[in-house]
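Visitor: Please give me a close look at a single part of this model, namely its charged side chains and the places where they pair. I should like the setting described before the individual pairs.

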Amino acid sequence: MNRLKQQEATYVDLRQIPTEQLLSSPAVKAAAEALRDGERVVFPTETVYGLGADARSEDAVRAIYIAKGRPSDNPLIVHFAAQEQVERMFRHLSSPARQLMNRFWPGPLTLILPNEGHFASSVTAGLPTVAVRVPRHPVATALLQTAGIPIAAPSANRSGRPSPTLAEHAWRDLSDRVSYILDGGATNMGLESTVLDLSLEKPTILRPGSITYEMLVQQLGEVDQVMLDSPTPDTPRAPGMKYRHYAPKADLWLIMGDEEKTRLQIQEQVSKEMAKGKRVGILTTEEYKDQYQATMVVACGFRKHPQSVAQHLYQSLHQFDQAEIELIYSETFPLKDSFVAVMNRLVKAAGGKIIEV
């Protein structure tokens, strides 16, 4: 069966189940069976919650696109339970691919490899390559092991919206379009995986994440990366490249420049818009939260701890949505460490709307 519209998903709270008991969990077994039957299942990874379906089934994969409202030329990532499964399926792995798998898997690194024809054509959006990774989350691992099949899984949200880092985020977007939602608690990375294209002449980062440019250079010696101001490709080679992504319902503006002048500019813009009767939000960090006045001020972690900002970014955008904020002004961050990935997501979420001071 492969129904798209359902009455309501089965929600399963797995947060209190010990890791060693997940494989024997009736709920995990039922969700795995649903995947094998062509249904869709929401499950947590260490990055964000994913919307999974059988990567080998054209019907199941197309149903992912329909459920999300995702453009059909936006490729998906295929998830595996273990590195050994990838090695068995891909018989022509390069030395750099094996080196990166050994170093970073399981974990938040997606590798783009030459497609050897094992998956539904919709997974690759017609490209000669396919994106694969092994997630590092006990629920994801148990589900993938129990299902015994490769799972295509983009983020579990309506296309273009902020990715879900809590099961409740996915529930609001997709509860009537999936069979199961497995709650494994808050994701600990908070942003999607780094995507590295190994099919090009030089390994190239197409989407930054918590596996940073510096970490990859240390392994490979030479790596290119797609910059924030790179032209939008006609044919995206990885998720998050072509379309507006990660966007809250409110209009989002980024304020960029000297930190002190940036904060003054933000407050000036907010006061002006609030005087017009608008509900205005400010996205900042804990260090500066008390310096602002707005309808809603949200701190997404600590500026001195980039990973904390990455972990809480999407949850902050969801908070603005829940509060029905109409306009958001956000601080920006230096392009280093995990802040590179944060800025990538913010620029996409804002649709490139930046005020420089």
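Guide: The account below goes from the whole chain to its charged side chains.

The model is predicted; local features are described only at pLDDT of at least 70 and side-chain atom pairs only at pLDDT 80 or more, while totals for chains, interfaces and linings use all residues. Residues are numbered from 1 along each chain as its sequence is written, and side-chain values rest on heavy atoms, with hydrogens and water left out.

The setting comes first. The protein chain contains 11 helices and 16 strands; these are DSSP runs numbered from the N terminus, helices being H or I over at least four residues and strands E over at least two. With a radius of gyration of 20 Å, close to the 21 Å that the globule rule gives for 357 residues, the chain is as compact as a globular protein of that length. That radius is taken over C-alpha atoms, and the rule is 2.2 Å times the number of residues to the power 0.38. The C-alpha trace spans about 60 × 50 × 40 Å along its principal axes. Of the 357 residues, 57% count as buried, where buried means under 20% relative accessible area, exposed over 50%, and partly exposed in between (1.4 Å probe, protein chains only). Among contacts with a separation of 6 or more, 69% join residues 24 or more positions apart; a contact means heavy atoms within 4.5 Å.

Against this background, the chain carries 39 positive and 41 negative side chains, and the centres of the two sets lie 3 Å apart. Lys and Arg count as positive and Asp and Glu as negative, with His and the chain ends not counted. Each charge is placed at NZ of Lys, CZ of Arg, CG of Asp or CD of Glu. The number of salt bridges is 19, each defined as a side-chain nitrogen of Lys or Arg within 4 Å of a carboxyl oxygen of Asp or Glu.

One of these pairs is buried at both ends. E192 and R345 form a salt bridge whose closest N and O atoms are 2.9 Å apart. Since E192 lies in the loop between strand 8 (180-183) and strand 9 (194-197) and R345 in helix 11 (residues 339-349), the pair ties together parts that are 153 residues apart in sequence. E192 is buried at 7% relative accessible area, and R345 is buried at 1%.

Two further pairs are partly exposed at both ends. In one of them, the side chains of R98 and E87 meet with an N to O distance of 3.7 Å. R98 belongs to helix 4 and E87 to helix 3 (residues 83-89), so this bridge ties together parts that are 11 residues apart in sequence. The relative accessible area is 34% for R98 and 27% for E87.

In the other, D224 forms a salt bridge with K202, the closest N and O atoms being 3.7 Å apart. D224 lies in strand 11 (residues 224-225) and K202 in the loop between strand 9 and strand 10 (204-207), so this pair ties together parts that are 22 residues apart in sequence. D224 is partly exposed at 34% relative accessibility, as is K202 at 27%.

Salt bridges can also join up beyond a pair: E259, R263, R303 and E331 are linked in a network of them.

D173 offers a contrast. Located in helix 7 (residues 167-174), D173 is buried yet has no salt bridge. The nearest side chain of opposite charge, that of R161, is 4.7 Å away. D173 nevertheless touches R161, along with N157 and R158, when residues up to four places away in sequence are not counted.

A last charged residue is notable for its backbone. The phi of E324 is near 55 degrees, a positive value in a residue other than glycine. E324 sits in the loop between helix 10 (306-322) and strand 15 (327-330), where E324 counts as exposed at 61% relative accessibility.

In summary, the charged side chains include the buried E192 and R345, joined by a salt bridge, as well as D173, which is buried without one.
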